[in-house]
Structures are given as structure tokens and as C-alpha cells.
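Colleague: Got a minute to go through this model with me? Let's pull it up first.

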Amino acid sequence: MNSFRLSVQGKTWRKDNYLISTDHTSIPVADLINAFASDEFYWANEISTDAMKETLENSLCFGVYDTAVSTQTESARHASKFIGIARCVTDFVTFVYVTDVWVDSGYQGQGLGSWLVKCIQETIEPMPYLRRSMLFTGDWERSVPFYEKLMDMKVMNEPQRGQGLALLERKGRGHPSYGHEGGGYN
Ligand SMILES: CC(C)(COP(=O)(O)OP(=O)(O)OC[C@H]1O[C@@H](n2cnc3c(N)ncnc32)[C@H](O)[C@@H]1OP(=O)(O)O)[C@@H](O)C(=O)NCCC(=O)NCCS
């Protein structure tokens with residue numbers, strides 16, 4: 001295993017009673033599936049438990065927890081409440097794709113989302129061979145300035161066709177609007 005992957009395993013950050021952890025095994029899969037099924041995850045469809053476990057295992061995950069609240073799920077008691085996530089799809093060497101950035105609506109507007117994104121940037125910034133971190137968002141008003149400010153990202157596809165770089169996509173079968181034309185989520 002390369003040293004970056006090892007160095008980020010089980011990394012944690014604490015602020016007041018909140019915790020961010022890269023330990024994907026702490027994420028309660030059923031709670032995350034419920035979040036995926038909600039309107040807040042407008043860019044995703046609900047996925048099965050096995051598919052969710054596989055995607056968490058194969059990603060660099062940042063789970064957000066309220067350590068002042070314990071919860072009980074069908075299978076286990078958790079010492080803290082799962083309230084957010086961000087997921088990096090990465091080879092742990094050259095490429096990072098940031099997705100599924102979410103903070104529970106009851107906890108939004110308190111700085112947790114900004115802290116989460118800063119933790120990602122702090123983690124990936126030292127990667128010696130990283131060529132690109134990227135993400136897609138359709139929220140030009142709020143999310144674009146958010147990532148420009150906190151992750152120092154630049155919009156790549158503002159120039160006219162034929163100039164600069166373009167972000168291209170093909171919607172797969174798991175996309176909410178698979179088979180439909182258009183560059184947005186729907
Ligand atoms: C985006 C999100 C993670 C921010 O979390 P948060 O804990 O509310 O973030 P903070 O309290 O640190 O800061 C809020 C900032 O996020 C910005 N923001 C970025 N994207 C936003 C969004 N989709 N919805 C609301 N606020 C958003 C706000 O404009 C605000 O900026 P400001 O500090 O300049 O006023 C949260 O709003 C969320 O989970 N939204 C639903 C899921 C979503 O849309 N995720 C995709 C983001 S690309």
C-alpha cells in the first residue's frame with residue numbers, strides 16, 4: 001500500500017463536540033442510504049446496501065459526527081450521530097474526484113460544511129503526485145464560490161468551446177436522468 005493511503009487511514013479532526021473521521025467503517029450505511037434517498041441528494045439515486053458498502057470501501061471518506069448525541073440503529077448502538085459526509089474517489093496518487101458532500105439539514109449553516117471541505121483540502125494538498133482534484137456542481141451561485149474559496153478550485157469550462165479545458169460527462173445507468181439530454185442533474 002502506498003504511503004499516502006496509509007497516512008490518511010483513520011485520520012480525525014475535532015471541533016467542539018463534532019468529529020470528522022476518514023474511517024469509513026464508522027459510517028452507518030443504513031443512515032447514509034436514507035440520506036441518499038432524500039431530496040438533499042438531488043444528484044444521486046438510492047443504492048443498495050452492498051453497493052453502498054463497496055463505494056465506501058473504495059473511496060477516501062470523510063464522515064462527520066455529533067459526539068454529544070448517541071444513536072441506536074437496527075444492528076448497533078453508536079456513540080455519536082452521523083451528520084455528514086464527503087467522499088473522494090481517488091487512486092490515492094494522481095487523481096481525486098470530490099463528491100457526495102452533505103451536511104444534515106439540522107446542522108447546516110454552522111460552519112460544518114466549510115470545515116469538512118477544508119479537511120479534504122488539507123488532506124490532499126500534500127499528495128506529491130496529485131495531478132488533479134475535481135468535482136461537478138450545478139449550483140453556480142452557492143457551491144462554485146464555496147469550492148473556489150475553500151479548495152482553491154477554478155472553473156474549467158467557462159471559456160468558449162475550443163478554448164481552455166472542458167469538463168465532459170456521460171450519464172451512466174445510475175444517474176437520475178439516464179437517457180435524457182442535458183448537462184444538469186435532471
Ligand atoms: C453544501 C453544504 C454541505 C454546506 O454545509 P454547511 O454546514 O451548511 O456549510 P457552512 O455552514 O460551513 O457554510 C455554508 C456555506 O455553504 C455555502 N453553500 C455551498 N453550497 C451550498 C448548498 N448547496 N446549499 C446551501 N449552502 C451552500 C453557503 O453559501 C454558505 O456560504 P457562506 O458561508 O459564504 O454564507 C450543505 O448545505 C448541504 O449539505 N447541502 C445539501 C447537499 C448539497 O447541496 N451538497 C452539494 C454541495 S456541491
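Colleague: What radius of gyration does the chain have, and what would a compact globule give?
Modeller: The chain comes out at 17 Å, and a compact globule with 186 residues would be near 16 Å, which agrees. That radius is taken over C-alpha atoms, and the globule rule is 2.2 Å times the number of residues to the power 0.38.

Colleague: Okay, and where does the model come from?
Modeller: This is a predicted model, where local features need pLDDT of at least 70, side-chain atom pairs count only at pLDDT 80 or more, and totals for chains, interfaces and linings use all residues. Residues are numbered from 1 along each chain as its sequence is written.

Colleague: How many helices and strands?
Modeller: The chain has 5 helices and 8 strands. Those are DSSP runs numbered from the N terminus, with helices being H or I of at least four residues and strands E of at least two.

Colleague: Switching to the ligand: which residues come nearest?
Modeller: Gln108, Gly113, Ser114, Arg142 and Phe146, out of 16 residues around the ligand. A residue is near if its C-beta atom, placed from the backbone, lies within 6 Å.

Colleague: Which elements supply at least two residues of that shell?
Modeller: β7 (95-103), α4 (112-124) and α5 (143-151) each do.

Colleague: Let's stay on α4. Which of its residues are buried?
Modeller: Gly113, Leu116, Val117, Cys119, Ile120 and Thr123. They cover an arc of only 150 degrees around the axis, so they sit on the same side of α4. The arc is that of the directions from the helix axis to the C-beta atoms. Buried means 20 or more other C-beta atoms within 10 Å of the residue's own, exposed means 12 or fewer, and partly exposed is in between, with C-beta atoms placed from the backbone.

Colleague: What do those buried residues pack against?
Modeller: β1 (12-15), β2 (18-21), β3 (60-66), β6 (81-90), β7 and α5. Contact here means C-beta atoms, placed from the backbone, within 7 Å.

Colleague: New topic, backbone angles. What's the phi of Asp16?
Modeller: About 50 degrees, so to speak on the positive side although Asp16 is not a glycine. Asp16 lies in the loop between β1 and β2.

Colleague: And is Asp16 buried or exposed?
Modeller: Asp16 counts as exposed, because it has 9 C-beta neighbours inside 10 Å.

Colleague: What about Asp100?
Modeller: Asp100 also has a positive phi, near 50 degrees. Asp100 lies in strand β7 and is buried, with 21 other C-beta atoms within 10 Å.

Definitions and conventions:
Contact = placed C-beta atoms within 7 Å.
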